Amino acid sequence: MLAPDLRETLVKAAAAMREAQDPWWVISSAAVALHGVGPVEVGDVDLLMSVGDARRLMDGLGIAPIEDGASSLFRSTLFGRWETPPLVVEIMAGFHVATSAGWTEVLPRTRVPIFVEGCAVDVPERAELAGMLRLFGRPKDLERVRLLTSQT
């Protein structure tokens with residue numbers, strides 16, 4: 001069962017992505033929740049998409065790109081925060097994670113549509129999402145992997 005704030009945010013995100021020209025995904029904690037495992041705390045919604053779609057979305061919503069959105073672990077070619085929905089939506093395009101081999105692009109190959117109030121929200125399939133979270137490697141991500149792999 002999705003929390004009301006998450007449900008409303010996902011519906012707004014899916015509506016905003018209706019005109020997307022390329023595949024897009026919800027990843028991280030919100031994707032784990034959409035797979036129906038938990039309990040998982042969702043503090044924001046991570047929305048991964050192409051640079052072109054991110055530009056169009058951010059322009060349409062009046063969101064300015066954040067230049068200092070990079071951290072020592074993550075960076076994006078284009079990054080912005082949509083703060084109107086109940087939960088902040090982090091818009092990421094050209095998303096990379098730091099690994100022992102250097103910066104590695106995170107670009108899912110699978111798309112599983114999960115319907116929230118009639119709106120399709122695409123997430124990576126469970127095994128691919130678990131692999132992505134393992135790559136992130138933070139304790140909270142590893143706990144999400146445990147939830148994904150222990151619950152069916």
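In this tour a residue is called buried under 20% relative accessible area, exposed over 50%, and partly exposed in between, with a 1.4 Å probe and protein chains only. The model is predicted: local features need pLDDT of at least 70, side-chain atom pairs count only at pLDDT 80 or more, and totals for chains, interfaces and linings use all residues. Residues are numbered from 1 along each chain as its sequence is written, and side-chain values use heavy atoms, with hydrogens and water left out.

**The whole chain**

Begin with the entire protein chain in a cartoon view. It contains 5 helices and 9 strands; helices (H or I, at least four residues) and strands (E, at least two) are DSSP runs, numbered from the N terminus. Their order along the sequence is α-β-α-β-α-β-β-β-β-β-β-β-α-α.

Next, turn the C-alpha trace of the protein chain: along its principal axes the trace spans about 40 × 40 × 25 Å. The radius of gyration is taken over C-alpha atoms, and the globule rule is 2.2 Å times the number of residues to the power 0.38. For 152 residues a compact globule would have a value near 15 Å, and the 14 Å of the protein chain agrees with this.

Switch to a surface view. The protein chain exposes about 7700 Å², of which carbon and sulfur atoms supply 51%; such areas come from the Shrake-Rupley method with a 1.4 Å probe, and for residues only the protein chains shown count as cover. Of the 152 residues, 45% count as buried.

**The nonpolar core**

Select Leu6, Leu10, Val26, Leu34, Leu47 and Ile91, which touch the most other members of the largest nonpolar core, a set of 50 residues. A nonpolar core is a set of buried Ala, Val, Leu, Ile, Met, Phe, Trp, Tyr and Cys residues joined through side-chain atoms within 4.5 Å. In soluble globular proteins, nonpolar side chains tend to be buried together.

Now centre on Ile91 and display its contacts, where contact means heavy atoms within 4.5 Å. Apart from residues up to four places away in sequence, Ile91 touches Leu47, Met49, Ala54, Leu57, Met58, Ile63, Leu78, Phe79, Gly80 and Trp82.

**Leu87, in a loop between strands**

Move to Leu87, in the loop between β4 (78–82) and β5 (88–93). Leu87 counts as buried because its relative accessibility is 13%. Not counting residues up to four places away in sequence, Leu87 touches Asp5, Leu6, Thr9, Val42, Gly43, Asp44, Val45 and Trp82. Select Arg7 as well: its C-alpha atom is separated by 9.6 Å from that of Leu87, although the two residues are 80 apart along the chain.

**Arg144 and Ser28**

Arg144 is found in helix α5 (residues 139–150). Is this residue, at 9% relative accessibility, buried or exposed? Arg144 counts as buried because of that 9% value. Its contacts, leaving out residues up to four places away in sequence, are Ser28, Ser29, Val32, Val40, Glu41, Leu133 and Arg138.

From Arg144, step to its contact Ser28, which lies in helix α2 (residues 28–34). Ser28 is buried, with a relative accessible area of 4%. Its phi is positive, at about 65 degrees, although Ser28 is not a glycine.

**Glu117 and Pro108**

A positive phi also appears at Glu117, near 50 degrees, again in a residue other than glycine. Glu117 lies in the loop between β8 (112–116) and β9 (119–123) and counts as exposed, at 55% relative accessibility.

Select Pro108 next, in the loop between β7 (102–105) and β8. At 6% relative accessibility, Pro108 counts as buried. Neighbours within four places in sequence aside, Pro108 is in contact with Trp25, Leu48, Pro124, Glu128 and Met132. The C-alpha atoms of Pro108 and Trp82 are separated by 22 Å, with their positions 26 residues apart along the chain.

**Two closing stops**

Ala127 belongs to helix α4 (residues 126–136) and is exposed, with a relative accessible area of 53%. Its C-alpha atom is separated by 7.8 Å from that of Thr149, 22 residues apart along the chain.

Finally, select Gly38 in the loop between α2 and β2 (44–49). Gly38 is partly exposed, at a relative accessible area of 24%. Add Met1 to the selection: the C-alpha atoms of Gly38 and Met1 are separated by 9.4 Å, and these residues are 37 apart along the chain.
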